[in-house]
Amino acid sequence: MRIVMIGTGYVGLVSGACFADFGHDVVCVDKDQSKIDALLNGEIPIFEPGLDELVARNVEAGRLSFTLDLAEALPGTDAVFIAVGTPSRRGDGHADLSYVYAAAKEMAPLLPEGVVVVDKSTVPVGTGDEVERIIRETAPELEFSVASNPEFLREGAAIDDFKRPDRVVIGVNDEHAEKVLAEIYRPLTRNESPLICMSRRGAELTKYAANAFLATKIGFINEIADLCEKVGADVRDVAKGIGLDSRIGNRFLMPGPGYGGSCFPKDTLALLKTGQDYEAPLRIVESVVASNDQRKRSMGRKVIQALGGGEQHGKTVAVLGLTFKANTDDMRDSPAISIVQALQDAGIKVKAYDPEGMEQAAKVLSNVAYCGDAYEALDGADAAVIVTEWDAFRALDLDRMKGLLKSPVLVDLRNLYSRHDVEDHGFTYVAVGR
């Protein structure tokens, strides 16, 4: 089938490349000249393992192309996916839908008969209704459908998530849209169908509900970790003890410095606003959001306390990991931002290293000495803190670390190390919930 993907950001580019790999003819459209120029030159504007090879293979096969011209891309299209940004709106936390609505307005006079317009962006309940209204206003005689197809991609594992999904959710209000989307996803349904069909509004809400629930699990285990520290228990034991219950599951029960990234922070806020708009307040989600905001700053205080008594002003901390999670360069709402700011507010100097995120980090964190590797960051620092669970930080040379640090203090916010092993090397070891 012929597919147009509007937006070449994380969701649009990954989805477009994977659809092309399924054998569909995909055109990715973007208004950003620099992005399109980079893609035409074989340069990938985001970091996602395996994406560069996937894009190159499908461009070479003629199934994937890029353009700035929407009018050029749309003729003969079976489905148009809207995959533009929906960031939190400043001031009230609502999802900013201006890019979604602008895309709908621009495509309306250009759409072919029978096309299915699909919201791939994460959007609040009722967005599909408004997209349909915008198109209908411009093209009242056009036969078309509007559907919802939320993404469930984990950064760092997006290609595998797309090709081997737990489920594919499609929200449709007519049989034609269901038929087209079923055909698009047919390569995934040959053995056992992961396709779940529901109403358009149901699909819109499913995405937010899923992310809010996962965020709740993270918030829950982080608070249990705090309690473990107070009572002398090990949160790893507690997490295993509850995670083996099939009704709970062990995923998202790893304590840490709080959630961040492109989805959980903005989606939980948007869901809260939807609940308020419909007079159905979501008190649990409200608590999760508040707890997560407090969590990040408290991790900064944890590092400061690990430096010991006395004057902290002028000391140096080596921050290992800046992105909100490993295998991405995404700094959006990363816990590292709050942690670094808390350290700087206390007059502490920061040296930092991240395998992929330093270019993006430099845009949001100033007065940080960015280093070429972990050991350069450690050299001369008074303490080290692991913020992101990169593989490169799982087997650091502890003897070398001890020789580089002014004082052997390791704050492990991801629980990557054994207390016994670290303390045997003469370190003061501070973990989470242990």
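Is cysteine 197 buried, partly exposed or exposed, and what is its relative accessibility? The legend to Figure 2 gives the reply, after an overview of the chain.

**Figure 1. Overview of the predicted chain.** This is a predicted model, in which local features need pLDDT of at least 70, side-chain atom pairs count only at pLDDT 80 or more, and totals for chains, interfaces and linings use all residues. Residues are numbered from 1 along each chain as its sequence is written, and side-chain values use heavy atoms, with hydrogens and water left out. The chain holds 17 helices and 14 strands; helices (H or I, at least four residues) and strands (E, at least two) are DSSP runs, numbered from the N terminus. Its C-alpha trace spans about 75 × 50 × 45 Å along the principal axes. For 434 residues, a compact globule would have a radius of gyration near 22 Å, and the 24 Å of the chain agrees with this. That radius is taken over C-alpha atoms, and the globule rule is 2.2 Å times the number of residues to the power 0.38. Of the 434 residues, 53% count as buried. Buried means under 20% relative accessible area, exposed over 50%, and partly exposed in between (1.4 Å probe, protein chains only).

**Figure 2. Cysteine 197 in strand E8.** Strand E8 covers residues 195-198 and includes cysteine 197. Cysteine 197 counts as partly exposed because its relative accessibility is 37%. Leaving aside residues up to four places away in sequence, cysteine 197 touches Ile170, Val172 and Glu178; contact means heavy atoms within 4.5 Å. Asparagine 149 is 48 residues from cysteine 197 along the chain, and their C-alpha atoms are separated by 9.7 Å.

**Figure 3. Helix H9 and the glycine that follows.** Helix H9 runs through residues 200-231. At 1.5 Å a residue, its 32 residues should span 46 Å, and the end C-alpha atoms are 47 Å apart, which agrees. The expected span is 1.5 Å times one less than the number of residues. After H9 comes glycine 232, with a positive phi near 85°.

**Figure 4. Helix H13 and its cover.** In H13, eight of the 11 residues are buried, so the helix is mostly covered. Those buried residues are Pro335, Ala336, Ile337, Ser338, Ile339, Val340, Ala342 and Leu343. Their cover includes helix H12 (283-306), E9, strand E10 (349-353) and E11. Glycine 347 follows H13 and has a positive phi, near 80°.

**Figure 5. Aspartate 333 and asparagine 367, two loop residues with positive phi.** Aspartate 333 sits in the loop between strand E9 (316-320) and helix H13 (335-345). Although not a glycine, aspartate 333 has a positive phi of about 55°. Its relative accessible area of 42% makes aspartate 333 partly exposed. Asparagine 367 belongs to the loop between helix H14 (358-361) and strand E11 (368-370). The phi of asparagine 367, also a residue other than glycine, is positive and near 60°. With a relative accessible area of 71%, asparagine 367 is exposed.

**Figure 6. Alanine 369 in strand E11.** Alanine 369 is partly exposed, at a relative accessible area of 38%. Not counting residues up to four places away in sequence, alanine 369 touches Val350, Lys351 and Ala352. The C-alpha atoms of alanine 369 and aspartate 333 are separated by 20 Å, with their positions 36 residues apart along the chain.
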